[in-house]
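I opened this notebook to practise reading a structure slowly, one item at a time. My plan is to begin with one residue and then move on to cores and a pair of helices.

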Amino acid sequence: MPNKRSLAELLSSFARRIDDRNEQDGIRGYLKILKELTNTDIIFVARLKGRSASVVVGLDGDDNFEDFVYELEGTPCDIAAAGNCVQHAPDVQDKFPHDELLTEMNIHGYIGLPLLDLSGNVHGIIVGLNHHKEEKSKDHNLLYRMVSQLIQVEFRNLVEVDKEFIAFDNIDVKNVPNMGRFFYSVLENLPGNISVISTKNVFVYVNEGYADFFNLKPNDLIGKNIKEIFPKAMYEISINTDKEIIDSKKSSNFDYRSPLSDGGVFYSNVTKFPFINSDGEVYAVGMMSFDISESVKNRKELREEKLKNIQATKLATVGEMAASLTHELANPLTIIQGLSEKVSILVDRNVEKETVQVDLDKIKSATTRMGKLINSLRTFSRDDSKEKFEKTPLKDILDVTVDLISHRFDKENVQFDSNVVLNDVFVNAQTVLISQVLINLFMNSLDAIYENDDKWIKLIIEDLGQDLIIRIVDSGCGIEDEVVMNMFNSFYTTKEIGRGTGLGLSLCKEIVEQHNAELVYELYNGNTSFLIKIPKA
């Protein structure tokens with residue numbers, strides 16, 4: 001007897017032979033491959049006709065046979081014809097003593113599987129007979145089951161004759177002629193890379209696209225261990241992800257970054273899925289991958305453009321603030337200058353220390369105010385393109401924001417109220433970006449209520465336990481429905497030329513969502529309100 005081969009070797013051999021077969025051979029080609037790989041002496045497919053079976057295609061040694069009709073009564077084929085998988089070796093003659101053909105043909109081993117029509121009824125059987133007494137292995141049985149599915153498709157086409165051609169635009173997948181070749185063609189022509197790798201890390205199937213990635217042909221890969229083909233890093237990733245599929249018996253989707261020999265990077269979206277046998281065991285892992293390098297490149301370029309836009313917007317905001325901040329800084333400077341001269345005079349006159357200390361404290365307070373404004377402006381102005389998410393006190397973000405926008409409240413006679421009393425409350429954020437979003441919302445409110453008689457803005461913080469609500473409410477009475485429908489769209493604005501220097505609500509919304517947060521418009525007690533719902537860190 002030939003040496004037993006592993007399942008991986010059987011599958012790879014089967015895949016190679018399927019790839020090389022003459023498709024016109026149909027059922028006969030499949031039987032020939034199955035016969036050789038499983039060391040079966042006689043193999044045939046029979047069509048059921050009442051209580052008898054008629055051989056449609058059969059191989060006995062190197063000879064073909066067909067049109068042989070026999071009665072099912074008292075034979076193992078009768079059980080297969082009832083829809084059961086049957087296997088007996090080496091005692092099939094003892095199990096079915098009334099089947100005289102088994103004795104005449106010296107048959108000791110039998111395997112039979114049913115073939116079903118589209119309604120699920122048995123209309124044929126595939127049978128393998130052996131003269132030797134060796135029982136077939138589980139791997140041989142599995143191969144029989146796999147090939148029976150392919151033969152089942154061909155057998156349906158054989159017995160369901162005179163069918164009209166089905167136009168592709170009205171295609172019914174269940175009735176496509178030559179279903180095996182149909183799906184084989186689909187796999188070969190998909191715009192992605194497809195592979196099937198056994199649990200012993202051997203290529204069972206690859207399509208042209210997959211092989212092209214390695215500058216090889218499919219036959220150069222099938223039957224080889226992936227370690228012979230994959231670079232070390234790629235091999236380790238493949239082993240680890242395949243193990244996850246095998247252990248979980250579930251499919252998985254992920255993006256994969258692969259360095260190329262020319263120094264470039266190849267990005268792909270990968271889906272891996274298990275092949276599970278009738279015993280519930282995974283025997284191979286399938287993979288489909290699609291090139292997303294261009295998409296990643298476009299997203300990266302778009303991200304860079306948005307970051308440039310954010311930085312430009314911040315500089316414009318700083319420019320707009322500059323005049324008012326000059327006034328904010330001029331007041332403390334005037335105080336410092338006047339008090340400094342006064343302190344000098346008091347010192348010359350030997351005035352009591354307590355009197356001098358009062359003026360020194362005022363100078364200190366003024367310089368602290370100036371330093372805080374400058375630090376807020378420096379924080380806000382820095383380039384955030386490489387800023388990382390950090391656990392940050394929310395109060396720090398709000399303090400910087402209010403410091404920078406409060407001069408606008410004073411300038412435009414807007415009453416500002418806040419209920420911010422936060423102790424040890426943190427968020428995971430890119431501080432500058434969140435501050436920019438808040439400033440944008442404040443400036444939108446200022447522009448919206450510019451002509452109102454009653455002008456006020458409130459900053460309200462709500463603690464929801466795991467989340468925080470940052471709400472900016474103004475004295476406006478809401479936004480028109482048409483504007484609400486479009487205001488989060490890119491490039492949409494209702495502002496006059498020259499008045500819009502903010503990010504735009506579309507980009508604000510995107511920044512907020514990158515923080516796993518939400519930006520929402522709603523009426524709050526009849527007034528215009530935007531809120532950010534952000535998780536605590």
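**Notebook: a histidine, two cores and a helix pair**

I looked up His140 and found it in helix H6, residues 138-159, where helices are DSSP runs of H or I with at least four residues, strands are E runs of at least two, and both are numbered from the N terminus. The model is predicted, so I note that local features need pLDDT of at least 70 and side-chain atom pairs pLDDT 80 or more, while totals for chains, interfaces and linings use all residues. Residues are numbered from 1 along each chain as its sequence is written, and side-chain values use heavy atoms, without hydrogens and water.

Is His140 buried or exposed? I count His140 as buried because its relative accessibility is 12% (buried is under 20% relative accessible area, exposed over 50%, partly exposed in between, with a 1.4 Å probe and protein chains only). Leaving out residues up to four places away in sequence, His140 touches Leu10, Leu37, Thr38 and Asn39 (contact means heavy atoms within 4.5 Å).

Next I looked up the largest nonpolar core (buried Ala, Val, Leu, Ile, Met, Phe, Trp, Tyr and Cys residues joined through side-chain atoms within 4.5 Å). It has 42 residues, and those touching the most other members are Leu398, Leu438, Leu441, Ile457, Leu459, Ile470 and Ile532. Helix H14 gives the largest share of this core, nine residues. Apart from this core I found another, of 22 residues, with Leu10 and Leu37 among them.
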